[in-house]
Amino acid sequence: MSMVIREVAPYGEEAVDMTIDDGRIARIDPAGSAPAGEREIDASGLIVLPGLVDLHTHLREPGREDAETIESGTAAAALGGFTAVHAMANTQPVADTAGVVEQVWRRGQEAGYCDVHPVGAVTVGLAGERLAELGAMADSAARVRVFSDDGICVSDAVLMRRALEYVKAFDGVIAQHAQEPRLTEGAQMNEGELSGVLGLRGWPPVAEEAIIARDVLLAEHVGSRVHICHLSTRGSVDIIRWAKQRGIDVTAEVTPHHLILTEELATTYDPRYKVNPPLRTADDVAAVREGLADGTIDIVATDHAPHAHEDKDCEWGAGAFGMLGLQTALSVVIETMVETGRLSWREVADRMSTAPAIIGRVESQGRPLEVGEPANLVLVDPRARWHVNADALASRSRNTPFEGREMSGRVVATFLRGRPTVLEGRLA
Amino acid sequence: MIRHLLSAGDLDRDEAIAILDTAGELARATGRSVKKLPTLRGRTVVNLFYEDSTRTRISFEAAAKRLSADVITFSAKGSSVSKGESLKDTALTLEAMGADAVVVRHSASGAAHRLAMSGWTDCVVVNAGDGTHEHPTQALLDAYTLRHHLSDGAGDLQGRRVVIVGDILHSRVARSNVLLLETLGAEVTVVGPPTLLPVGVEGWPCSVSYDLDNALTGADAVMMLRVQNERMNAAYFPSAREYSRRYGLDRHRAELLAPDGIVLHPGPMNRGMEITAEVADGPRSVVVEQVTNGVHVRMAVLYRLMGALPELESEAGS
């Protein structure tokens, strides 16, 4: 069935008519000139981008289906404009075997709201002791290319070195959760004047930066690529910038929440604002925005981390780390990066679709908006405003840090290989 | 009038002085002949203690009872609190049982704040120590004691020099005292090994020093903090002896204080560690007095948060 998206602006540039057929972009014609399709969508005023790709999502299935399922999480992803997500390995059981990653991959195919690419654990059971069967996961039907013990740092330098080396055989990448464990024992929030005042144990920036520094040097030494998850400090941005200038094959991500929220939210002692790495200072927020704008930070990744209500409706110390992110990510990027003039829409497409697809080696995603390319698309109304209501989000969990907040820009429609997963802002 | 007492920072100068003045009146009213006042008759105070703290718990119990309140004490041992019941569920239970005020001691920083602000309960919440955050009634009783000795039991502590020594990093007593004493006009210096001073302490409303002798010279009061054994195991300092040599208070050091300078300790003391027995039991020590004052100050806090209903006051005045 052919579909014509009328008067849509690719990358926010000159409007065109985009015809989709057989899962691909079949034609691109000047606005108003495309032949009628079997279905027509009036997209005047809307921007079309390649479907967003998240390199860092927690779908919680298997094991914590009370917090999120592959179905609910991918629904949230589609509503947020994503056509592919990478499901982190810290499930129960851990995604450390071909069997578990294939199950996650298949469940993603069934749910159908977006592609699900499982991330494999680096070490067995995320225990940091010995390598999981990385090759088996790479060779499985899930074709795993990204490996991470996310939530736990691969802190052993030898193990990290081996992992970096080993995945070269299948063009994999290690995505490091950079957190020196001894420096962050019992840590609850960013370490600084505020943590001292609040009596919450500090998570010092150096605990992140020291691991990043070590890992870029390891990657250089063994000639591997390395990806740094959710960096959050000015120092981390500086190290990545230095490493790239040196020619080291490093990529880095920042979360939407680290682009907009600061540690002052901890004064509420409300665990909705408890996240790992923690919210940092306004200066760090400025640094990650600069880093994302100048390309030091390659991508935005959500670190969407659903948690059951009881794990957040408690005292700060007992609360779980993490926040929802899939349905608010694009709006945060629009507010912090586009409306402030830091990123063009083409650059948004790069940071949220093309670059993450390349890092994850997902060939069919993050493609240019050209005839013949897969029709993985998102239509965005850049002028729309909406208010976050946790109860209305598709996730099974409610732990958004943006409850009640006005957000910039809205996802109107999402297409996965030509098939609408979201239309008029609702699941299709 | 504040609704809860969560942080010493909640108190402005007038409010803090009003509590101290009320404590003074209550101390005089509950002398040897009359132990009990009818102020909180029919009201229920729940002591919710997730951490062992015999002295603070008993002090709050005595305070509530002397105001004729009904007192229920939940402590971590022997109640559902130890069976993993959440703070929220316990709060809902207390609410359902008709508690008017909750005095909470919890190992998590911010627990009292959460209890007060989360909508789980409408009770008045009094923070009796939350993790490594604050212990505001301890600061009030310390301020009361300081005022008694240094300012004739009235007004504020303008210009008085107070030194707080020890594990500032983990001390809720220090945090609350720094805030309250600053509010009352005192000049506070915190002293400890750099490992036991929080990152960012330069931003606190006090001076910071690593040199105890220098800080003590001419000071009006010194407050010694308890050093927990586990701090030594975590290598915050090399040995108890070294700590004691550098940051312990012995008679020689105590003599560096102003002639009428006093020595405070929130208890329980590690005699021989942060304070020698000679100083703890010596003429400058007001440690026992602090305990007595604790009851009066806690009475004043409960009285002002629970008892001072505007309509009752106006009736009494008419």
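This short talk covers the interface of chain B and chain A, one glutamate of chain A, and one strand of chain A.

Before I start, please keep in mind that this is a predicted model, in which local features need pLDDT of at least 70 and side-chain atom pairs count only at pLDDT 80 or more, while totals for chains, interfaces and linings use all residues. Residues are numbered from 1 along each chain as its sequence is written, chains are lettered from A in the order in which they are written, and side-chain values use heavy atoms, with hydrogens and water left out.

Let me begin with the interface. Here 18 residues of chain B are in contact with 20 residues of chain A, where contact means heavy atoms within 4.5 Å. The two chains bury about 1400 Å² between them, 50% of it on carbon and sulfur atoms; buried area is the accessible area, with a 1.4 Å probe, that two parts lose on being put together, summed over both. Of the area that chain B buries against chain A, 35% comes from Ser109(B), Arg114(B) and Val199(B), more than from any other three residues.

Across this interface the rule finds three salt bridges, a salt bridge being a side-chain nitrogen of Lys or Arg within 4 Å of a carboxyl oxygen of Asp or Glu. In a salt bridge of 2.4 Å, N to O, the side chain of Lys88(B) meets that of Asp313(A).

Now to chain A itself, and to Glu61(A), which lies in the loop between β6 (52–57) and α1 (70–79); helices (H or I, at least four residues) and strands (E, at least two) are DSSP runs, numbered from the N terminus. Is Glu61(A) buried or exposed? Glu61(A) is buried, with a relative accessible area of 9%, where buried means under 20%, computed with a 1.4 Å probe on protein chains only. A polar atom of the Glu61(A) side chain lies 2.7 Å from the backbone nitrogen of Ile70(A). Leaving aside residues up to four places away in sequence, Glu61(A) touches seven residues that include Thr91(A), Val104(A) and Arg107(A).

I will finish with strand β5 of chain A, residues 47–50, from which Ile47(A) and Leu49(A) point one way and Val48(A) and Pro50(A) the other, all of them buried. Two bridges join β5(A) to strand β1 (residues 3–10), and these strands run parallel, with Pro10(A) opposite Val48(A). Four bridges join β5(A) to strand β16 (residues 377–387), this time antiparallel, and there the bridge partner of Ile47(A) is Val380(A).

How values were computed:
Buried means under 20% relative accessible area, exposed over 50%, partly exposed in between (1.4 Å probe, protein chains only). A polar contact is a pair of N or O atoms within 3.5 Å; within protein, one must be able to donate a hydrogen and the other to accept it, and residues adjacent in sequence count only if both atoms are side-chain atoms. Two strands pair if DSSP finds at least two bridges between them.
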